[in-house]
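Trainee: I have a new model open and would like to talk through its fold. Could we go step by step?

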Amino acid sequence: MIRGVLLAASRSARARELVVATGPTRRVVDRFVAGERPADALDVVRGLAADGIAATVDRLGESGVDLASARESTDGYLALLDLAEDVGLAAGLDVSVKLSALGRLVPYGGLKICYENAAEICARAAEVGATVTVDAEEHTSVDAGLAVLADLRRDFPATGAVLQSYLRRTENDCRRLAGAGSRVRLCKGAYRAAGDVAFTRRADVDASYARCLGVLMTGEGYPMVATHDPRMLALAGRLADARDRDRDDFEYQLLHGVRPHEQLRLASLGAQVRVYLPYGPDWYPYLLRRMAERPANLALFLRALRTR
Ligand code: FAD
């Protein structure tokens, strides 16, 4: 129930005004968000690299329904990649993009616009030795997202997909995307949907995650295991061993600020670890989705509001 309220609040302009005006302390935002400027994000990328951990950087931006905000978002990613190249951090960097931020919701031609913007980012990423991963959003956008991804992969085959185990369709999507050269991030899903399209019980989402992981690990692609769940992290390791996958044939992905000791532990064992690193002033919906996932995060947030 709390989860549903928080997810609804993450989309509500009124709730956003209230929370931003009340203003949680910088401390709680900083735990999950790398800062406001590209340079802030790259400072964190540098620190992670020193610990043997890679990053995928997400520029937090409004889900714009106009061309101007889609352009602003695209330019923001291009500036990030330029700066990453200037400071020697571009090689091996990944950026995570949301098609909604790149124009998917622009009336008339939104899909073409987000494809063109994403292709521009992919082209710049390829020039500097970085890659792009297309985040998964609400279930209603999955078909459009996978269609845009297929187009992007024709010119930029390293472009990564994201699949969400809470959706009933995902095991099949894993089969379709598990081919050679395909990079697929598997997560449980930060959104909600009704029972006809989604698993609504945690145990079913977890069981689906385990099945999808099996499909991806058995396939010929590059699985990106995005979870903090100790059982799923351990299962990924066991499946990789059973399928004779080398340590650099798959990676673990965790969110910035979540289980940092586990991130270090996995990296110290020689595993590939990548941290999802959001930055930008528009932190509100991202933070609310993290609160929805875990009551302890919510408690941290409420304490921060109270102590102002
Ligand atoms: P949960 O079921 O939330 O948690 C399982 C267990 O993990 C908990 O019982 C606990 O033991 C441990 N755990 C979880 N959180 C914490 C914590 N804060 N501290 C300590 N232990 C914890 N979602 C999308 O919809 N689209 C995306 O594109 C997307 N990209 C993602 C990229 C990455 C790298 C990651 C890690 C997640 C992404 N997500 C995305 C979010 C994801 O879908 C989940 O909402 C989120 O990861 C929480 O699920 P979980 O797998 O960690 O398991």
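Mentor: Happily; below we take the sheet, then its strands, then a pair of helices, bearing in mind that this is a predicted model.

Trainee: In what order do the 8 strands of the open sheet lie?

Mentor: The sheet is open, and its pairing is parallel. Its edge strands are β3 (131–134) and β4 (161–164), each of which pairs on one side only. From one strand to the next the twist averages 30°. Reading across, the order is β3-β2-β1-β8-β7-β6-β5-β4.

Trainee: Which residue of β8 is the bridge partner of Val57?

Mentor: Start with the pairing: strand β1 (residues 54–59) and β8 run in the parallel sense and share 6 bridges. For Val57, the partner in β8 is Leu277.

Trainee: Moving on to β7, are its residues buried or exposed?

Mentor: Strand β7 spans residues 251–255. In a regular strand, side chains alternate between the two faces of the sheet. Here one side carries Glu251, Gln253 and Leu255, the other Tyr252 and Leu254, and both faces are covered. So 5 of the 5 residues in β7 count as buried, each having 20 or more other C-beta atoms within 10 Å of its own.

Trainee: What is the handedness of the β-α-β crossover from β6 to β7?

Mentor: β6 (residues 222–226) and β7 run parallel and are joined by 3 bridges, with Val225 partnered by Tyr252 of β7. Between these strands the chain passes through helix α10 (residues 230–242), and the crossover is right-handed.

Trainee: And through which helix does the chain cross from β7 to β8?

Mentor: Strand β8 (residues 273–279) is parallel to β7, with 4 bridges between them. Among the partners, Leu254 is matched with Val275 of β8. The crossover is right-handed, and the helix is α11 (residues 260–268).

Trainee: Why is α5 called roughly parallel to α6?

Mentor: The axes of α5 (residues 67–86) and α6 (residues 110–128) come within 10 Å. Angles under 35 degrees count as roughly parallel. The pair qualifies because the axes cross at roughly 5°.

Trainee: How many nonpolar residues does the contact of α5 with α6 have?

Mentor: On the α5 side the contact includes Leu67, Ala70 and Leu81, while α6 contributes Ile113, Ile121 and Val128 among others. By class there are 2 polar and 3 charged residues, and the nonpolar count is 10.

How values were computed
Residues numbered from 1 in each chain as written. Predicted model: local features only at pLDDT ≥ 70, side-chain atom pairs only at ≥ 80, totals over all residues. Axes fitted to C-alpha atoms, helices over the stretch in contact; angles between N-to-C directions. Helix = DSSP H or I, 4+ residues; strand = E, 2+ residues; numbered from the N terminus. Contact = placed C-beta atoms within 7 Å. Nonpolar A, V, L, I, M, F, W, Y, C, P; charged D, E, K, R; others polar. Buried ≥ 20, exposed ≤ 12 C-beta atoms within 10 Å, placed from the backbone. Pairing = 2+ DSSP bridges. Right-handed = clockwise from strand over helix to strand, strands pointing away.
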